[in-house]
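Colleague: Please take a close look at one helix of this protein, with whatever surroundings help to place it. Keep it brisk, and give the reasoning where there is any.

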Amino acid sequence: MPEHTVKAFDEDITRLRGLIAEMGGLAEVAIQQALDAIISGDEELAKEVVDRDVKLDALQAEVDEMTVRMLALRAPMADDLREIIAALKIAGVVERIGDYSKNIAKRTGRIEGRSRFEPLTLLPAMGELAADMVHDVLTAYAARDPMVAREIIERDAKVDAFYDSIFRNLVSHMVENPATISSAAQLLFVARNLERIGDHATNVAEMVHFAALGSYPDDIER
């Protein structure tokens, strides 16, 4: 391959990684701000999260366009092909993480009597764990580090445990206080979205592992 072609390809890969990193940063902020809005009842902050989601959508569209162009013009093989395919899939997953954060933010104005809900003390910790998974898995992507990716996959069990605890707590609360069912259901929705964010971070970790080694973690375990 001519030197100028190799250089152009490397520049494209660098740009692709930069777009994914930018998406990841926006997704992390969206998770944290959506939770802050839920806990405090700040509807203005919630609106900012919802409005900013269009930026993530635009970045995903840019990644889609760029990967299609690279596949068509560069005809990549082996490691390069895996990296491009992984970037395409990761961008879609990160965009979905942004959607979950947006959905959390939209519940801000639908919760009454926040002081009555003990799970509100658990949601920030659950959200921090999920946000850390997103941050760390994108760091692993940038470094092409399959070992960190595997460690992140193992962390998802903690997010699931948080969700189970919150679910049981809220169901009990609804049984004992029927008047709070509507607000409690909104909090269940928030917890479920955080659990899905953890699942999506796990999906990204699997793709990072594939891009680096050409196999998924389950393939090795089998």
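Modeller: R96 is partly exposed, because its relative accessible area is 32%, a value between the 20% limit for buried and the 50% limit for exposed. This is a predicted model. R96 sits in helix α3. Its C-alpha atom is 12 Å from that of L59, although 37 residues of chain separate R96 from L59.

L59 leads to the neighbour of α3. Helix α2 covers residues 43-74, and helix α3 covers residues 78-106. The two pack at an angle of about 165°, and their axes are 9 Å apart. The angle is over 145 degrees, so α2 is roughly antiparallel to α3. Their crossing is left-handed. The contact of α2 with α3 draws on 15 nonpolar, five polar and seven charged residues.

Now the helix for the close look: α4. Helix α4 runs over residues 123-143, which is 21 residues. How far apart should its ends be? At 1.5 Å a residue, the expected span is 30 Å. The end C-alpha atoms of α4 are 30 Å apart, so the span agrees with the expected one.

Which residues of α4 are buried? Toward the start of the list come L123, M126, G127, L129, A130 and A131. The list goes on with M133, V134, V137, L138, A140 and Y141.

Next, the partner of α4. Helix α5 covers residues 146-176. α4 and α5 pack at an angle of about 165°, with 10 Å between their axes. Again the angle is over 145 degrees, so α4 counts as roughly antiparallel to α5. The crossing of α4 past α5 is left-handed.

Which residues make this contact? From α4 come L123, A125, M126, L129, A130, D132, M133, D136, V137 and A140. They meet V148, A149, I152, R155, D156, K158, V159, F162, Y163 and I166 of α5. By class, the contact of α4 with α5 has 15 nonpolar residues, no polar ones and five charged ones. Several names appear in both the buried list and the contact, among them L123, M126, L129 and V137.

What follows α4? R144 comes just after α4. It belongs to the loop between α4 and α5. Its phi is near 55°, a positive value in a residue other than glycine. Most residues other than glycine have a negative phi. R144 counts as partly exposed, because its relative accessibility is 25%.

One residue elsewhere has a matching label. E206, in helix α6 (residues 181-213), counts as partly exposed at 25% relative accessibility. Its contacts, leaving aside residues up to four places away in sequence, are I153, Y216 and P217. One of these, I153, falls within the 146-176 range of α5. E206 is 10 residues from R196 in sequence, and their C-alpha atoms are 15 Å apart.

Last, the setting. The protein has seven helices and zero strands. Its pattern along the sequence is α-α-α-α-α-α-α. The C-alpha trace spans about 70 × 40 × 20 Å along its principal axes. Of the 222 residues, 46% are buried. Among contacts between residues at least 6 apart in sequence, 84% join residues at least 24 apart.

Methods. Residues numbered from 1 in each chain as written. Predicted model: local features only at pLDDT ≥ 70, side-chain atom pairs only at ≥ 80, totals over all residues. Heavy atoms only, no water. Helix = DSSP H or I, 4+ residues; strand = E, 2+ residues; numbered from the N terminus. Expected span 1.5 Å × (residues − 1). Buried < 20%, exposed > 50% of the residue type's maximum accessible area, 1.4 Å probe, protein only. Axes fitted to C-alpha atoms, helices over the stretch in contact; angles between N-to-C directions. Parallel < 35°, antiparallel > 145°, perpendicular 65-115°, else oblique. Left-handed = near helix turned anticlockwise from the far one by under 90°. Nonpolar A, V, L, I, M, F, W, Y, C, P; charged D, E, K, R; others polar. Contact = heavy atoms within 4.5 Å.
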